[in-house]
Structure formats: structure tokens, C-alpha cells
Amino acid sequence: MHTAPQALLGDDWVLVDATHDPPLARLGLPVGTWDGTQGTRPAYDVIGEVVALDDPRAEERLAQSRSRIAGQVEATDPEAVQAYLRDLNALLESVRSEGAASV
């Protein structure tokens, strides 16, 4: 699940999704930058439903999404999940370290 806020600019609500820090652009991940005058592109394509937190059914809809995600995680081998998280974090830290060393 990913949360991306919107900001009211004039009369328009725009996305301000700054998910990834700049060094991760080297991996092809989108890096959100916001200049205060327009929205950012989303870090991830929407694959589920969009839930506005002021929606009267927001809690129910979020609970359904969490339940769906939990079912997917529970159906996955726990060792595979741990290996994925370990290796992903190692990759991200390596890329960030490379960026810091080149500054």
C-alpha cells in the first residue's frame, strides 16, 4: 500500500508524491520533485482503488485493501519475503552510498 498526498494549488488538487530520494533515480525509480507550481508524477501506477481519506467509507475501504495485501503476504513463503526485503534494502543502501561517495 502506498500513500500519496495531494495539495490544493489555486482551485486544483495536485499530486505531490515524493517517494524516492534522488540517488535511487540511478535504478530507474521515479524521484518526486515538487516545485510548488504543479503536481508530481506518481511514483507507482495505481493498481487498486484510490481512497480519499475524507471519504465516509475510507476506513472500510482501507481495511479491505489491507486484508487483500495481508492475504498475498501470508500466501508467500516467509523466507522468500525476508530474503527479498534484505536484498532490496542492501541494493538501495548500496546505491545511496555510491551517491554519497561521489559528492
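Here are legends for a set of close-up views of a predicted model.

**View 1. The whole chain, from strands to helices.** Welcome to the overview, a good place to get your bearings before zooming in. The protein chain holds 2 helices and 2 strands, and their order along the sequence is β-β-α-α. With a radius of gyration of 17 Å, well over the 13 Å that the globule rule gives for 103 residues, the protein chain is more spread out than a compact globule. The C-alpha trace spans about 45 × 40 × 15 Å along its principal axes. Of the 103 residues, 17% are buried. The protein chain exposes about 7900 Å², and carbon and sulfur atoms supply 55% of that area. If you look at contacts between residues at least 6 apart in sequence, 47% of them join residues at least 24 apart.

**View 2. Confidence along the chain.** Before trusting any close-up, it helps to see how sure the predictor is. The mean pLDDT of the protein chain is 84, and 92% of the residues reach 70 or more. Among the elements, the lowest mean pLDDT belongs to β1, at 83, while α2 has the highest, at 91. Where pLDDT is low, the predicted coordinates should not be read in detail.

**View 3. The hairpin of β1 and β2.** Let us now zoom in on the two strands. Strand β1 covers residues 6-9 and β2 covers residues 12-15. The two strands pair in the antiparallel sense, over 4 bridges. Which residues of β2 stand opposite A7 and L8? A7 faces V14, and the bridge partner of L8 is W13. The strands form a hairpin with 2 residues between them. In the turn, G10 has a positive phi of about 65 degrees. In a regular strand the side chains alternate between the two faces of the sheet.

**View 4. R61 and its partner D55.** This view centres on an arginine in helix α1, which runs over residues 58-74. Is R61 buried or exposed? R61 has a relative accessibility of 15%, and because buried means under 20%, R61 counts as buried. Leaving aside neighbours within four places in sequence, R61 is in contact with E49, V50, V51 and D55. With D55, R61 also forms a salt bridge, in which the closest N and O atoms are 2.4 Å apart. D55 itself is partly exposed, with a relative accessible area of 22%.

**View 5. A salt bridge across the sequence, D21 to R96.** The whole structure contains 5 salt bridges, and the one shown here joins the side chains of D21 and R96 at 2.9 Å, N to O. D21 lies in the loop between β2 and α1, and R96 lies in helix α2 (residues 78-101), so the pair ties together parts that are 75 residues apart in sequence. Both ends of this bridge are partly exposed: D21 has a relative accessible area of 25%, and R96 has a relative accessibility of 27%.

**View 6. E93 joins in.** Staying with R96, we can now add a neighbour from the helix. E93 forms a salt bridge with R96, and the closest N and O atoms are 3.1 Å apart. Both E93 and R96 lie in helix α2, 3 residues apart, which is about one turn of the helix. E93 is partly exposed, with a relative accessible area of 45%. Salt bridges that share partners join D21, E93 and R96 into one network.

**View 7. A long reach from Q64 to D87.** The final view picks out two residues for a distance check. Q64 sits in helix α1 and, at 43% relative accessibility, counts as partly exposed. How far apart in space are Q64 and D87, C-alpha to C-alpha? The answer is 29 Å, for residues that are 23 apart in sequence.

Terms used
Residues numbered from 1 in each chain as written. Predicted model: local features only at pLDDT ≥ 70, side-chain atom pairs only at ≥ 80, totals over all residues. Heavy atoms only, no water. Buried < 20%, exposed > 50% of the residue type's maximum accessible area, 1.4 Å probe, protein only. Contact = heavy atoms within 4.5 Å. Salt bridge = Lys/Arg side-chain N within 4 Å of Asp/Glu carboxyl O. Pairing = 2+ DSSP bridges. Rg over C-alpha atoms; globule rule 2.2 N^0.38 Å. Areas by Shrake-Rupley, 256 points an atom, 1.4 Å probe, with all protein chains shown as cover. pLDDT = per-residue confidence, 0-100.
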